[in-house]
Amino acid sequence: MSQTSEPSPRQILLQKKDHLPHDIILNILANLPVKSVLRFRCVSKTWDSSITTPDFISTHLNLNNNNNNLAYLIHVYSDPIIPSNTTIPSFISGYDHTFNRVSEYSIPSALPLSRAHSADSCNGLVCLTQYGRFFTNIHLWNPSIRKFKRLSDSSLPQYYCISTGFAYDSKTNDYKVVKISQKGSPHNPGVELGAEVYTLRSDSWRRVGISLKNNAVILEKNQTSIFVSGALHWLEYVSEAQMHHYMILSFEVNNDKFREIALPDGQQEMLPQGLIAKPKRLMVFKGKLAFISRDFERINNINEDESYRDFRRSYLYKYNTCFIWVMEEYGVHESWSKLFFVQFDNAVDFLGCTSRGELLAIEYVVDSKFRCKAVVSIDFETQLLKYLGFRNLPQILTTFMESLVLLDGATELSG
């Protein structure tokens, strides 16, 4: 007896499209992958108009949020041995949770990805930012559906953009880009800060207040923000009365309010008086606000002496100064907890944590006769280190999932 294979969802829909109620058809479509949904747009004008509605896009996003096999979007620098006049295809790759490449998306020349200084991702949208003197180019891009949108220019003339953040506002079902700028030259840190918020639905910027306890605040240029517990976060450096310390600047997405979060007092343990631990990078650890502390610095402006330099060398040699702090209950200062202590021999920078809680770091490795940099993941609990196999350092590394966001608007890419 010959066996017949079961019909695919596409075959069922095409066979039954004139017999099934329209709401049942939409329910079936909303459970399909992005590529399959896009193919069904050409079935009829009715299907196309239904698929491109905001309601369907949101429903598809919610249903597929936990069924997406993609986890990261990664783009590495071009190979330096390839001649600059050689035309080669440009792609950005999608990876699963174990960093196996599962998809590729072409990068048309209309999108200035190679010149982007930062990239954030939310619900399948990637926010690319290119900084310049008194200008900032920002694009929203959905690689899955090949659509992008260039944001309008700033409403703050004579302000220099320091950093941006990108997030989803669940209260208004809208996407927001936050831009933090400082007045005047970028070479004069600690001057007046200004902030703007762009909403996708209004397609416009508006200025929001950013009132801080101390005006002498410095934000690192091009710093990547992190989104957790409904807020965007940046590290800030506060200088007052010849004393220095670090804090976290947060922006609550649902109410457009800035506030400051103090770092844990306990991070100063094991350090002599007059020294503070230096937070290296903010991150999200298993859905919680966290940061990694590496190295330390003086809290006043006294000159370095030999005893300070000797202590610093011995401290770095003994501990490698890598501590992971996690805020167990968001907004509660007393809930800061030092969960992990990681020793590195050759770590030079940190990229953040994976969704499973592994730390991504850049380490020096010896490849044949050459010393080069490589991306590694470290499991905190087992202390196991895994090389991820990238030939060059990532220019872009962000979380990612496929979605239909922007399908109802924006510019379709060609080429």
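**Close-up 1. Packing of helix α2 against helix α5 in the predicted model.** The axes of α2 and α5 lie 9 Å apart and meet at an angle of about 50°, which makes α2 oblique to α5. On the α2 side the contact is made by L26, L29 and A30, while α5 contributes F56, T59, H60, L63 and N64.

**Close-up 2. The buried and exposed faces of helix α5.** Within α5, which spans residues 54-64, the buried residues are F56, I57, H60, L61 and N64. These residues are on the same side of α5, because they cover an arc of only 135° around the axis. An α-helix has 3.6 residues a turn, so residues three or four places apart point the same way. The face of α5 that is turned away from this buried side carries the exposed residues P54, D55 and N62. The partners against which the buried residues of α5 pack are the helices α2 (22-30), α3 (34-39) and α4 (45-51), together with the strand β9 (174-183).

**Close-up 3. A salt bridge between strand β9 and a loop.** K176 forms a salt bridge with D256, and the closest N and O atoms of the two are 2.8 Å apart. Since K176 lies in strand β9 and D256 in the loop between β15 (243-252) and β16 (257-262), the pair ties together parts that are 80 residues apart in sequence. Both K176 and D256 are buried. The two also belong to a network of salt bridges that links D169, K176, R206 and D256.

**Close-up 4. Two salt bridges with exposed or partly exposed members.** The model contains 10 salt bridges, among them the one that E104 forms with R101, where the closest N and O atoms are 3.5 Å apart. In this pair E104 is partly exposed, with a relative accessible area of 42%, whereas R101 is exposed, with a relative accessible area of 54%. The side chains of D153 and R150 likewise meet in a salt bridge, with an N to O distance of 3.6 Å. Here D153 counts as exposed at 54% relative accessibility, and R150 counts as partly exposed at 39%.

**Close-up 5. An open antiparallel sheet of four strands.** The strands of this open sheet follow the order β3-β2-β1-β25, and their pairing is antiparallel. Its edge strands are β3 (101-106) and β25 (394-399), each of which pairs on one side only. From one strand to the next, the twist averages 25°. Strands of a sheet pair through backbone hydrogen bonds, either parallel or antiparallel. Strand β1, residues 72-76, and β25 pair in the antiparallel sense over five bridges, and the bridge partner of V76 in β25 is P394.

**Close-up 6. The surroundings of E358 in the loop between β21 and β22.** E358 is found in the loop that runs between β21 (347-353) and β22 (359-367). With a relative accessible area of 21%, E358 is partly exposed, the limit under which a residue would count as buried being 20%. When residues up to four places away in sequence are not counted, E358 touches G352, C353, I378 and D379. Between E358 and V376, which are 18 residues apart in sequence, the C-alpha to C-alpha distance is 9.7 Å.

Terms used:
Residues numbered from 1 in each chain as written. Predicted model: local features only at pLDDT ≥ 70, side-chain atom pairs only at ≥ 80, totals over all residues. Heavy atoms only, no water. Buried < 20%, exposed > 50% of the residue type's maximum accessible area, 1.4 Å probe, protein only. Helix = DSSP H or I, 4+ residues; strand = E, 2+ residues; numbered from the N terminus. Arc of directions from axis to C-beta. Contact = heavy atoms within 4.5 Å. Salt bridge = Lys/Arg side-chain N within 4 Å of Asp/Glu carboxyl O. Pairing = 2+ DSSP bridges. Axes fitted to C-alpha atoms, helices over the stretch in contact; angles between N-to-C directions. Parallel < 35°, antiparallel > 145°, perpendicular 65-115°, else oblique.
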